[in-house]
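Trainee: Before I use words such as buried, exposed or pocket about a protein, I would like to hear how each of them is justified. Could we go through them together?

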Amino acid sequence: MIRRLVVLMAAAALVLGPVLPASARQDAEGQVVRGVLYFSPSCPHCHQVINEDLPVIFEDFGGEPNLYFDESIVPEEVAFYRWTNGMIDLLVVDVSREAGAMLYTEDTVRLDVPENRRGVPRLTVGDTYLVGSREIPEQFPGIVESGLEGGGIDWPAIPGIDEALSGIPMSEDTTTTTEGTTTTDDPDTTTTTTEAGGTTTTGGGNPGTTEGNPGTTTPEQGGVLPVANESVFDRIGRDPLGNGISIVVLVGMVVSLFAVHLMVRRGSLGPGPAWLLPVLGVVGLVVSIYLASVETGGGEAVCGPVGDCNAVQQSEYAKLFGIPIGVIGVVGYVVLLGAWLLGRFASGLVADVSKATVLVIALGGTVFSVYLTFLEPFVIGATCAWCLTSAIAITGLLWVSAGPGWAALGRLRGAYAGVRSTERRPARTR
């Protein structure tokens, strides 16, 4: 009787095995697809991928995941999380943290990611990487399915990934059952069962469990990264000194815009020392060249004692229409210095056009710097000392160029009005 039952079960396995979904077959075989997801808390596309897209993919391949991290670290400093359900296993990396930015840079260099593809969210699986809130949900499910069918995919060969993984406390063995996720950590056992009504936990209180222990959160508790919905005050609080300096500089620039406008209208703003404009222009150009080299080379900036310029440079706001901000700055300062130099040796109309050009670039650069400086403390939560230096330089350029530039614009308007008047005057007949 027992022999006959065994034969029937074996026959059923042979018949049903090929028609079972690939995810179900590989679940039974214990295969895992592992990858690394890079994100920034200030990135809305990252929020979409983490909160909306990946939970659905987890559900399709193994069910709801657990999130592990080291709670002995101050929450504002956590760089690495492990998000897994036993079939999909992701190391989630916060690139706004120094350790996360270093791993991101190592992976970028390893994969030779082109400039226009450097951003977050980015998901690396093996030697394949997906960028953005469109590619990840569209292509990752196919990668998971083919990876499971092929026996699983191991962690990408990123320098530093072993240290990142070893710093996350979690259980030694994670398997997926039909009821939910069972986590075992000797000598005690903790079982987390996810049902339609919620999540329940029992066990002996080991690291890596859900209730009363450090290092893990469940879908019922948010199921996603604890930093995903931080407030403005949380962002500023990451670096009170650096972000406080950003806010002071921001206020100074806004006040400067209004003050320059009023003084120019009253005609009370002079040109300032002749040497000041080229000095400020060269300072801004040098800073922009350095930032452009960091942004295009994929390296890390030397940030100094204040701020976290790498977090700013690796945010989605480090580019405008796909062009690195540093490169835009280089172009702007080169044109500004060229116009100033031309105005120094030219006269008449050419000199006026040059002075007006300097003013327009300085005004546009200051307004743009106000926008970028606002993003640092209030959106990104990090301050770039190099960016603040450029912002101060361009604001200084506005002060020294506004008087001569406005006067030149007045003369150009007068000359244009005179030409138009001459064109409209009827020709005299003898």
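Mentor: What follows is a conversation about the terms used for this structure and the values behind them. Please keep in mind from the start that this is a predicted model.

Trainee: What makes up the protein as a whole, in helices and strands?

Mentor: There are 13 helices and 13 strands in the protein, and of its 430 residues 46% count as buried.

Trainee: Why is serine 40 called buried?

Mentor: Its relative accessible area is 4%, and buried means under 20%, so serine 40 meets the definition. Serine 40 sits in the loop between strand E1 (33-39) and helix H3 (44-60), and, with neighbours within four places in sequence left aside, it is in contact with Cys46, Asp94, Val95 and Val120.

Trainee: Why does glycine 396 count as buried?

Mentor: The relative accessibility of glycine 396 is 17%, and the limit for buried is under 20%, so the word applies here too. Glycine 396 has its place in helix H13, and its C-alpha is 9.0 Å from that of serine 256, although 140 residues separate the two in sequence.

Trainee: Why is aspartate 112 called exposed?

Mentor: Exposed means over 50% relative accessible area, and aspartate 112 has 62%, so it is rightly called exposed. Aspartate 112 lies in the loop between helix H4 (98-111) and E5, and has a positive phi of about 55 degrees although it is not a glycine.

Trainee: What makes a positive phi worth pointing out in such a residue?

Mentor: Most residues other than glycine have a negative phi. Phenylalanine 321 is a further case, with a positive phi of about 55 degrees although it is not a glycine. Phenylalanine 321 is found in the loop between strand E12 (319-320) and strand E13 (323-324), and its relative accessible area of 80% is set against the cut-off of over 50%, so phenylalanine 321 is exposed.

Trainee: How do you know which residues glycine 126 touches?

Mentor: Contact means heavy atoms within 4.5 Å, and, when residues up to four places away in sequence are not counted, glycine 126 touches Arg110, Ile153 and Pro156. Glycine 126 is in the loop between strand E5 (122-125) and strand E6 (128-131), and it is 6.5 Å from tryptophan 155, C-alpha to C-alpha, with their positions 29 residues apart in sequence.

Trainee: What lines the second largest pocket, and which helix gives the largest share of that lining?

Mentor: The second largest pocket holds about 440 Å³ of space, and 28 residues line it, of which Ile325, Phe368, Ser369, Leu372 and Ser390 are the closest to its centre. The largest share of the lining, 10 residues, comes from H12, while the lining as a whole divides into 15 nonpolar, 11 polar and 2 charged residues.

Trainee: How do you know that the span of H12 is close to what is expected?

Mentor: H12 has 33 residues, and at 1.5 Å a residue the expected span is 48 Å, whereas its first and last C-alpha atoms are 46 Å apart, which is close to that value.

Trainee: Where does H12 bend, and what follows?

Mentor: The bend, of about 25 degrees, is at phenylalanine 374, and proline 377 follows within four residues. After H12 comes glycine 381, whose phi is positive, near 80 degrees.

Key: Residues numbered from 1 in each chain as written. Predicted model: local features only at pLDDT ≥ 70, side-chain atom pairs only at ≥ 80, totals over all residues. Heavy atoms only, no water. 1 Å grid on protein atoms, 1.4 Å probe; cavity = no way out; pocket = protein on both sides within 12 Å on 5 of 7 lines; lining within 4 Å. Points joined across faces, edges and corners; volume = space filled by probe spheres on them. Helix = DSSP H or I, 4+ residues; strand = E, 2+ residues; numbered from the N terminus. Nonpolar A, V, L, I, M, F, W, Y, C, P; charged D, E, K, R; others polar. Expected span 1.5 Å × (residues − 1). Bend = angle between axes of the 7 residues up to and from the residue. Buried < 20%, exposed > 50% of the residue type's maximum accessible area, 1.4 Å probe, protein only.
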